[in-house]
Amino acid sequence: MVNNKKGTILAEMLVGFLVYTFVVVMMVQLISSLLMLIKQPAISEFDIAIKQVSWQISTSNRLYLQDTEYCYDYHDNQRCLTIKNNRLYLTPGTQIVLNRYDSIKLFTVDNQLIIKASKKGLHYEAIIYTFQP
Amino acid sequence: MKRLFIPFNHKGVILLQTLLLFFIFIMLASSVITIRTLELTNQSWKLKALFRMDLEIEALIYYHQHHPKHHDAIYSKNHWITYWYDENTLTINFDGEYHYNLVFDVDDHGNLLNRSIQDD
């Protein structure tokens, strides 16, 4: 294009503006894609932790209430689910199953031991064990 | 005194600017692709692990509730699950997408101890 022709700067500016718009849109898409990773994944640590507990219980398939705690036998040991300071522990010892939740609640409904927890506005719920009728 | 920066009206500034933008764009795109791929792989592994745990939970609950005999098998989640007894050992064989044996020692009270995995 001839440089001294009328409208040259306008055309170049428009092309430049279009290119920059495209680049900015693409970058926003890429950055938002990266930010998506920080959001809650499809499979949360909650699901994995509770599944591990369920798996341990299934080894003996016997969950019972002892004092105020739900306990089960795993290999040669007895393990109890304890909630303290919004953490779910396995005792004896301090094996932390769920850590730093805003609230954790264990309860039974229709022969099922259910756990409900919330963290940063997200709510989680899972069945830990189904009691034999 | 030396100039620290190239003046804007210097030759090659637009080329340098374009190259920088292109470089940033490519770096960002490649990092996004890499991280997304890693994330997807991680999710897929998590799903596989959860699936295997579900399979084992089902096999163990069936064992405790129905007391299967030697060589009894059930079919669940596209897997044949077979129970083998050998003296004080219980072997639960999974045959499907996953092929492996889950081995337990059984004590006098029927409790399962010492879990181990054997490749089929």
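Here are some worked exercises on the two chains of this predicted model.

## Exercise 1: Elements of the two chains

**Task.** Work out how many helices and strands chain A has, and in what order they come.

**Solution.**
- Step 1. Begin with the count: chain A has 2 helices and 8 strands.
- Step 2. Now walk along the sequence, where the order reads α-α-β-β-β-β-β-β-β-β. The helices therefore come ahead of the strands, if you define each element by its DSSP run and number from the N terminus.

**Task.** Do the same for chain B: which elements does it have, and in what order?

**Solution.**
- Step 1. The tally for chain B is 1 helix and 5 strands.
- Step 2. From the N terminus, these elements follow the order α-β-β-β-β-β.

## Exercise 2: Globule or not?

**Task.** Find out how the radius of gyration of chain A compares with that of a compact globule of 133 residues.

**Solution.**
- Step 1. Take the reference value: a compact globule of 133 residues would come out near 14 Å.
- Step 2. Set the model beside it: chain A has 28 Å.
- Step 3. Check with the dimensions. Along the principal axes, the C-alpha atoms of chain A fill a box of roughly 90 × 30 × 25 Å.

**Task.** Repeat the comparison for chain B, with its 120 residues.

**Solution.**
- Step 1. The reference for a compact globule of 120 residues is again near 14 Å.
- Step 2. Chain B has a radius of gyration of 29 Å.
- Step 3. The C-alpha trace of chain B spans about 90 × 30 × 20 Å along its principal axes.

## Exercise 3: Surface, burial and charge

**Task.** Describe how much of chain A is buried, what its surface consists of, and how its charges are placed.

**Solution.**
- Step 1. Of the 133 residues in chain A, 35% are buried.
- Step 2. The exposed area of chain A is about 8,700 Å², and 58% of that comes from carbon and sulfur atoms.
- Step 3. For charge, count 13 positive and 10 negative side chains in chain A; the centres of these two sets are 12 Å apart.

**Task.** Give the corresponding values for chain B.

**Solution.**
- Step 1. In chain B, 29% of the 120 residues count as buried.
- Step 2. Its accessible surface is about 8,600 Å², with 61% belonging to carbon and sulfur atoms.
- Step 3. Chain B carries 10 positive and 14 negative side chains, and here the two centres lie 30 Å apart.

## Exercise 4: Following the salt bridges

**Task.** How many salt bridges does the structure hold, and which parts of chain A does the pair A:R62 and A:D73 tie together?

**Solution.**
- Step 1. Over all chains there are 6 salt bridges.
- Step 2. One of them joins the side chains of A:R62 and A:D73, at 2.9 Å from N to O.
- Step 3. Place the partners. A:R62 sits in the loop between helix 2 (45–60) and strand 1 (63–66) of chain A, while A:D73 belongs to strand 2 (residues 69–74), so the pair ties together parts 11 residues apart in sequence.
- Step 4. Look at exposure. A:R62 is partly exposed at 45% relative accessibility, and A:D73 is partly exposed at 24%.

**Task.** Locate the salt bridge between B:E58 and B:K77.

**Solution.**
- Step 1. The closest N and O atoms of B:E58 and B:K77 are 3.7 Å apart.
- Step 2. B:E58 lies in helix 1 (residues 13–66) of chain B, and B:K77 in the loop between strand 1 (73–76) and strand 2 (79–86); the pair links distant parts of the chain, 19 residues apart.
- Step 3. Both partners are partly exposed: B:E58 has 32% relative accessibility and B:K77 has 35%.

## Exercise 5: Two buried residues

**Task.** Is A:I104 buried or exposed, and what does it touch?

**Solution.**
- Step 1. A:I104 is part of strand 6 (residues 103–109) of chain A.
- Step 2. Its relative accessibility is 11%, and because the cut-off for buried is under 20%, A:I104 counts as buried.
- Step 3. Beyond residues up to four places away in sequence, A:I104 touches several others, including A:I83, A:L88, A:L98 and A:I115.
- Step 4. A:N86 is also among its contacts; the C-alpha atoms of A:I104 and A:N86 are 5.8 Å apart, though 18 residues separate them along the chain.

**Task.** Which residues does A:S54 contact, leaving aside its neighbours within four places in sequence?

**Solution.**
- Step 1. A:S54 is in helix 2 of chain A and counts as buried at 10% relative accessibility.
- Step 2. Its contacts are A:I127, A:I128 and, from chain B, B:I57.

Definitions and conventions: Residues are numbered from 1 along each chain as its sequence is written. Chains are lettered from A and ligands numbered from 1 in the order in which they are written. This is a predicted model: local features need pLDDT of at least 70, side-chain atom pairs count only at pLDDT 80 or more; totals for chains, interfaces and linings use all residues. Side-chain values use heavy atoms; hydrogens and water are left out. Helices (H or I, at least four residues) and strands (E, at least two) are DSSP runs, numbered from the N terminus. The radius of gyration is taken over C-alpha atoms; the globule rule is 2.2 Å times the number of residues to the power 0.38. Buried means under 20% relative accessible area, exposed over 50%, partly exposed in between (1.4 Å probe, protein chains only). Accessible areas come from the Shrake-Rupley method with a 1.4 Å probe; for residues, only the protein chains shown count as cover. Lys and Arg count as positive and Asp and Glu as negative; His and the chain ends are not counted. The place of a charge is taken as NZ of Lys, CZ of Arg, CG of Asp or CD of Glu. A salt bridge is a side-chain nitrogen of Lys or Arg within 4 Å of a carboxyl oxygen of Asp or Glu. Contact means heavy atoms within 4.5 Å.
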